[in-house]
Each structure stands twice: as C-alpha cells, then as structure tokens.
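Let's take a walk through this protein chain together. Have the picture open as you read, and follow along with each stop.

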Amino acid sequence: VTRLFDEPFEEQWPAWSPDGKLLAFGRRTLDRQGGRGHQFWLHDTLTGERTRMTTDTQYNNLVFLWDATSNRVLFRRFNLEINYPQSELWLYDHRTGEIRLLVTNATAGAWIP
C-alpha cells in the first residue's frame, strides 16, 4: 500500500484508467476554502503530476468512469447551491482536453462494451 497524497484534501470516487497511467478522482479542501464541491482531478502515475480539471466550486463532480481506451472519462455533476438540482453527465476527452456536457437530468452513465 502506497500513499499517493499527503495534502489536507478529501479525495473520493477514485477511478484508474484501464492502462493504469491515470487516476481520476474528486477532491476538495478539508476546510472547504475552495468551495463545498469536489472538483475533478487527474493524477499521472508516471510523473506524479496532478491536474485540476474543473474549477466550478459550486458544483460537485463525482462517479468517474473511464472508457476501455483510457481516452475518455464520463462523470456526474450537480450544483450544490440549488435545491433539488438536476444531475448532469459530462465527458472529458484526454486526447483533446475538452470537457463537455452530455445530458441533464441523468444520474447513472455507463460505457457499452
């Protein structure tokens, strides 16, 4: 067992890419200075570099699912500042760096093999 992070953050919903090179996860500061929502982060297992992919602190980003090629991540997000928010499914493309909304009012996404 190896500790990946020592910073004072709360990490949740880790998802390894199928090729083992990247780890997608949700992260927020313990003191909530960066907002209440978990942001989408990537950890490169080869370089140790961590990159924050989302910056909307009012949104919670969670449930990260890689496609079989390790190129795309499907994830769920919702606005923490709205009563009864609609959950959204978003797609991150690692090849292009693009993050885009796929559908609103959805809770569970999955890749078809």
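Start at Trp13, which you'll find in strand β1. Its backbone does something curious: the phi angle is positive, about 55°, even though Trp13 is not a glycine. Is Trp13 buried or exposed? Somewhere in the middle: its relative accessibility is 28%, so it counts as partly exposed, since that label covers everything from 20% to 50%.

Now hop over to strand β5, where Val63 sits. Val63 isn't a glycine either, and here too phi is positive, at about 55°. With a relative accessible area of 35%, Val63 is partly exposed.

Before going on, a word about trust. What you're looking at is a predicted model. The chain has a mean pLDDT of 90, and 95% of its residues reach 70 or more. Among the elements, strand β1 (residues 9-16) has the lowest mean pLDDT, at 89, while strand β7 (residues 88-93) has the highest, at 97.

So what does β7 look like up close? It's mostly covered, with 6 of its 6 residues buried. Look at one side and you'll see Glu88, Trp90 and Tyr92; flip to the other and there are Leu89, Leu91 and Asp93, and all of these are buried, leaving both faces covered.

Which strands pair up with β7? On the β6 side, 6 bridges join the two strands, and they run antiparallel. You can spot one such pairing where Arg72 has Asp93 of β7 as its bridge partner. β7 is also joined to strand β8 (residues 99-104), by 5 bridges and again running antiparallel. Here, Tyr92 has Ile99 in β8 as its bridge partner. β7 and β8 make a hairpin with 5 residues between them, and in the turn you'll find Gly97, with a positive phi of about 80°.

Tyr92 is worth a second look, as it also belongs to the largest nonpolar core. How many residues does that core have? There are 12, including Ala15, Leu22, Phe40, Leu42, Trp66, Phe75 and Trp90. Several strands chip in: β2 (22-29), β3 (39-44), β5 (59-66), β6 (72-79) and β7 each supply at least two of its residues.

To finish, zoom in on one core member, Leu42. Setting aside neighbours within four places in sequence, Leu42 is in contact with a whole list of residues, among them Ala24, Met53, Trp66 and Tyr92. Glu49, Arg50 and His94 are on that contact list too.

Methods:
Residues numbered from 1 in each chain as written. Predicted model: local features only at pLDDT ≥ 70, side-chain atom pairs only at ≥ 80, totals over all residues. Heavy atoms only, no water. pLDDT = per-residue confidence, 0-100. Helix = DSSP H or I, 4+ residues; strand = E, 2+ residues; numbered from the N terminus. Core = buried A, V, L, I, M, F, W, Y, C linked by side-chain atoms within 4.5 Å. Buried < 20%, exposed > 50% of the residue type's maximum accessible area, 1.4 Å probe, protein only. Contact = heavy atoms within 4.5 Å. Pairing = 2+ DSSP bridges.
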